Amino acid sequence: MLAEALVEEVLQRARAGGADFAELYVERWRRRALRVLSGQVKEATSGIEYGAGLRLFYGTEVVYAYTNDLSPQGLFEVAETLVKLRGSAGQVDARGQGGLDFRRAVAQGLHAPEIPFTARDKRYRLERIREAEAGAMVGPQIKQVQTQLNEWEQEVLVATSEGVWAEDRRVRTRFYVTAIAQDASGMQTGVMGPGLSLGLELFDRYPPAEVGRRAGLQALTNLRAKPAPAGTMPVVIGNGFGGVIFHEALGHLLETTSVAKKASVLSDKLGEKVASEVVTYIDDGTTPHGWGSQEFDDEGHPTERTVLIENGVLKSYMVDRLGSLLTGYRPTGSGRRQDYTFAPTSRMRNTFIAPGTTPKEKLFEGIEFGLYAADMGGGQVRPGSGEYNFAVKEGYIIRKGRIEEPVRGAMLVGKGPESIQKIVAVSDDLETGPGMCGSLSGSLPVEVGQPHLLISEIVVGGQA
Amino acid sequence: MTFEEARDYLLQKARALGLEAEVLAIENRELTVQAHGGRVENITQATQGGVGVRVVVEGKTGYAYTEERTPEALDWVLAEAHENALLQSETGGFLPAGGELGRHDLLGEGLSAPLEQKRRAALDVELGLRADPRTRQVQMTRYAEHETQAFLGSTQGVSGAFRNGYGALMAYAVMGQGQSLKQSFELEVSKEFHALDPGRTAQEFIRKTGRLLEARPLKTGRYRAYFEPRAFGQLLAVMGMFMLSAKNVLEGKSLLAGKIGQKIASETFTLVDDPTLPGGLASRPFDAEGTPAQRTVLIEQGVLKTFLHNAETARKMGVPNTGHAWRGYKGVLGVGPSNLFVAPGQGIQMDEGIVVTDLMGLHAGANPISGEFSLQALGLKVEGGEVAYPVENFTVAGNFLELLAHITALGTELEWNPMMGIVGSPMVEVAELSFAGA
């Protein structure tokens, strides 16, 4: 996206104050969004985002600046700003004088779309959306259906004073169907939102009519559901997006962003047993076409498959460049950022619980009274205390081992490390689902996943 | 090309093509100084922005935006917005006629202090936090400032610009006592750097977080709730703003549809939006369509008076426009409040119940379409009129409209919170809500 000579000059100028490392991140996004409500195109937008972020390290002190003026003058100005910000009038590091010998690494297209971003016209997109809407009309109580299609194409270049030159191209597509059901008792929703690192062939993987139908059925289920019970009880969590519990209760606690500052309750616990032995937890940035996959992270480091917890024992953290400098742990290709307006930090990619051996039906056996959390919404955590929460989108009562009437509005809360020890059985039906994760370096696409599993007790927040 | 030049270039092109267009250009400036371990660990400085276009063709609206300000990119934006407009099936969109709105500076020189003082402020917050022996870890402390200039123009004659911004001190830390740990954050915001006080930010953090240590489980049951301003403000931001949006009413997503003139909340409850508030963090001279700003009473003594409107929703519903058009350069036309606040009341006499100090999980546990919420909370148990002990590992659940109807008293002091929009609230007492815990 930028000439090598210009990149090199920007990096050299940026180090004029004596920085020992400089990194230039350049990106261009093209985005499209289409929102359709009950057959009416409500909003159609398109956009270009284009900018650069320049980061300098003085030891572990970081200065960062970004701009969307990518002309040589614009970039030189940013470099000067950075040098002044640090307030140092140091000299050019000897290693910076000899010119940079970039090692070019270009993405191989492991997650490349079959249907390119520019292909197919907008009518084609509308037709697929209308199929989703039609699919959602599963009963007369469905009053509104909203479908949103988001398409992103991101070109990235990362170049550093250590000679890294990585170019990546990331295409992601996601559509959400929200069905709104209404009767005399009120208004309830059902939501489905598949997404992958793919083009419009996402519609082949997830036929829109079926996605719509599932959203519609979930809205109807919630309409006839009673408010969830309140109290502490056993809970079976469904596969796929159910994995959000681990994302919150465990994943965020393993990012060096909080581990390096001992601001995670799981700091300094490598090699220790931190979960029940039925738990193996993996963060994989290489899953073909995964929603959170990319060939390079946003520091130009190749992504990898990182085993975080194996049979309950902590094996690795998720490590970015700064985290590696601070802790000495090996970088895991986990440096990510929303866009050029953020400096990268260690973040999750596609994170999931490995399949266990317990048949799904067995999980329910012996539960006198409990909750089956079949589908999940989002969650949240405070790594320093481990306190987390996540919302149940579709839930059912378990009575004497049987799945019975639906309940709505349950939120599960707990303290991560305690809940993880209470996972007593994991089934073999692993699935994953896409989400957006918000943290220090912005909002990022991540996958979460798990098989069905049983937690012996957890606080269920419903109606007392 | 500057942002203003980009706006003028697009309007000129649109006129030449005979298109009705509105251009919103936003230029942001950011400075963040982050301290940790007695040193500044990160400084970020930036200027950034973009240009968003809204095109209306025979009542159909299309949008496009760019951050690249070259003639090629701007031409692409206009063509793309035009194509997007033709795709729309719904008609009824229009660009309001307007005039010269002038240039306004709502920020002034309040943030012009030298960088060294800002570094000191970030470091001093950390010093303040570490002064308490219960502070276990400080993740970071920050001074952050943000300044925005908006340039609006349309082929229908609207033209204007304004500048606003703020500086903030932030503290993120973990406090502990014995085995009990609590992580939290504190935020203080002002348009004047010199009005910020690092010692006060640290003290507030310690007061609010320290009181939650050694919390006990809460027994499941129904309790009287005393929401602190920050907790109520968050709930209001997620639920109230959504339900009061005329856009959501028109799309059949608001439980308040058809309820203008009806009693929807307790008589103690009055809700106001005031973009003209002097010194307000979200004050604005005009909205995103160029409609001059005005004070709006949304709920008066429990009675719903109006929704938040832009020109399009007001015309569709045949009511006056309240001047609440909102959009960013990347986004589409919506409605949004400015300085939204609950009018303070006569004061609260606590007897028995739970003080809710914090709510978590609002993005997933609060559904503004159904009005239902079930949220992780932190709080204090009140017994015999006094705070007895902190409680944890529980949720509070209910229906937002039922909650509004059961407000029994309001505190006398208004507190502004800038976490999800700019929302002001006093302490709010609710007769009874469901709490789930042990």
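How many residues of chain A are in contact with chain B, and how many of chain B with chain A? I started my notebook there, keeping in mind that this is a predicted model.

**Entry 1, the A/B contact.** I looked up the pair and got 63 residues of chain A in contact with 61 residues of chain B. Next I checked where the chain A side comes from: strand 2, residues 40-58, gives the largest share, with 12 residues. I also sorted that side of chain A by class and found 29 polar, 25 nonpolar and 9 charged residues.

**Entry 2, strands across the chains.** I followed strand 2 of chain A over to chain B. It runs parallel to strand 3 of chain B, residues 60-66, and 2 bridges join them. Looking for a residue to click on, I picked A:Ile48, which stands opposite B:Thr66 in strand 3 of chain B.

**Entry 3, chain A overall.** I turned to the whole chain and read off 24 strands and 10 helices. Along the principal axes, its C-alpha atoms fill a box of roughly 75 × 55 × 35 Å. I checked the radius of gyration too: chain A has 24 Å, and because a compact globule of 464 residues would come out near 23 Å, the two agree. Buried residues make up 60% of the chain. Of the contacts with a separation of 6 or more, I noted that 75% are between residues 24 or more positions apart.

**Entry 4, helix 5 of chain A.** I picked out residues 208-224 and compared lengths. At 1.5 Å a residue, these 17 residues should span 24 Å, and the end C-alpha atoms are 25 Å apart, so that agrees. I then looked at burial: helix 5 is mostly covered, with 14 of its 17 residues buried.

How values were computed:
Residues numbered from 1 in each chain as written. Chains lettered and ligands numbered in written order. Predicted model: local features only at pLDDT ≥ 70, side-chain atom pairs only at ≥ 80, totals over all residues. Expected span 1.5 Å × (residues − 1). Buried ≥ 20, exposed ≤ 12 C-beta atoms within 10 Å, placed from the backbone. Rg over C-alpha atoms; globule rule 2.2 N^0.38 Å. Contact = placed C-beta atoms within 7 Å. Nonpolar A, V, L, I, M, F, W, Y, C, P; charged D, E, K, R; others polar. Pairing = 2+ DSSP bridges.
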